[in-house]
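Trainee: I have a new structure on my screen and would love to walk through it with you. Could we take it one question at a time?

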Amino acid sequence: MLDKTDRILLGLLQRDCTLSLQALADAVNLTSTPCWKRIRRLEQEGYIRARVALLDNERLGLGLTAFVLLKTQQHNSRWYQEFVHVVESMPEVLAFYRMAGEYDYLLQVQVADMKSYDHFYKRLVNGMPGLVDVTSSFAMERIKQTTALPLAD
């Protein structure tokens, strides 16, 4: 169970994982050793999955965001495992969800432009038989994007 100090530490780390141990300890009124032990425990218990740098897709020439909805009539385990393997091997896919509702899967795809998306699309549909509907929507403007989870007190 997380206490208030754990939640504060998680909030600080998810906004800036480069904060020094001393800065984190000061923020939660601990000395560095107990603070370090808490962070280590949070990592071991899986609350902290990774520490990463968030990159700017525009500056890297990856300005097109596509959301791809997929339907299939294949719902057996073998097809599912193959599909997961195919999609996970595609670096353009930033997020991959199995859905409830009209569509079976949702992908968030990041590519340079429409030509790059068309190349991705062809690899996806040619590499995975059994897809019966693939619908794509393209983001015109990113209004909000965050990785910070809302942590209740």
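Trainee: How many Å apart do the C-alpha centres of domain 1 and domain 2 lie?
Mentor: Keep in mind that this is a predicted model. The domain assignment gives domain 1 as residues 4-45 and domain 2 as residues 58-138. Between their C-alpha centres, the separation is 37 Å.

Trainee: What share of residues 2-63 is helix?
Mentor: That span comes from UniProt, where an unreviewed entry lists it as "domain: HTH asnC-type". In the model, its end C-alpha atoms lie 38 Å apart. Strand accounts for 0% of the span, and helix for 52%.

Trainee: Which strand gives the most to the lining of the largest pocket?
Mentor: Happy to look there! The largest pocket holds about 940 Å³ of space, and 30 residues line it. Strand S1 (64-72), strand S2 (93-98) and strand S3 (105-111) each supply at least two residues of that lining. With 4 residues, the top contributor is S3.

Trainee: And how many residues of that lining are nonpolar?
Mentor: Nearest the centre of the largest pocket lie Leu94, Gln108, Gln110, Arg142 and Gln145. Taking the whole lining by class, 6 residues are charged and 8 are polar. The nonpolar count is 16.

Trainee: What is the volume of the second largest pocket, and which residues are closest to its centre?
Mentor: The volume of the second largest pocket is about 810 Å³. Its lining is made up of 19 residues. By class, 12 of them are nonpolar, 3 polar and 4 charged. Closest to the centre of this second largest pocket are Gln14, Arg49, Ala50, Val52 and Thr147.

Trainee: Is glutamate 92 buried or exposed?
Mentor: Start with its place in the chain: glutamate 92 sits in the loop between helix H4 (77-88) and S2. The side chain of glutamate 92 also makes a polar contact of 2.9 Å with that of arginine 123. Buried means under 20% relative accessible area. Glutamate 92 has 16%, so the call is buried.

Trainee: Is asparagine 29 buried or exposed?
Mentor: Asparagine 29 belongs to the loop between helix H2 (21-27) and helix H3 (32-44). Its phi is near 60 degrees, a positive value in a residue other than glycine. The relative accessibility of asparagine 29 is 71%, so this residue counts as exposed.

Trainee: How far apart are the C-alpha atoms of asparagine 29 and serine 136?
Mentor: Along the chain, asparagine 29 and serine 136 are 107 residues apart. In space, their C-alpha atoms are separated by 49 Å.

Trainee: What is the relative accessible area of serine 20?
Mentor: Serine 20 lies in the loop between helix H1 (4-15) and H2. From serine 20 to leucine 2 is 18 residues in sequence and 22 Å in space, C-alpha to C-alpha. Serine 20 is classed as partly exposed because its relative accessible area is 39%.

Trainee: One more, please: how many Å in space separate alanine 53 and proline 129?
Mentor: You will find alanine 53 in the loop between H3 and S1. Its relative accessibility is 60%, so alanine 53 counts as exposed. Alanine 53 and proline 129 are 76 residues apart in sequence, and their C-alpha to C-alpha distance in space is 36 Å.

Notes:
Residues are numbered from 1 along each chain as its sequence is written. This is a predicted model: local features need pLDDT of at least 70, side-chain atom pairs count only at pLDDT 80 or more; totals for chains, interfaces and linings use all residues. Side-chain values use heavy atoms; hydrogens and water are left out. Domain bounds come from an automatic or database domain assignment. On a 1 Å grid over the protein atoms alone, a cavity is a set of points where a 1.4 Å probe fits but cannot get out, and a pocket is an open set with protein on both sides within 12 Å along at least five of seven lines; lining residues have an atom within 4 Å of a point. Grid points are joined across faces, edges and corners, and a volume is the space filled by probe spheres set on the points. Ala, Val, Leu, Ile, Met, Phe, Trp, Tyr, Cys and Pro count as nonpolar, Asp, Glu, Lys and Arg as charged, and the others, Gly among them, as polar. UniProt positions are given in the numbering used here, feature names are shortened, and annotations may be inferred rather than shown by experiment. Buried means under 20% relative accessible area, exposed over 50%, partly exposed in between (1.4 Å probe, protein chains only). A polar contact is a pair of N or O atoms within 3.5 Å; within protein, one must be able to donate a hydrogen and the other to accept it, and residues adjacent in sequence count only if both atoms are side-chain atoms.
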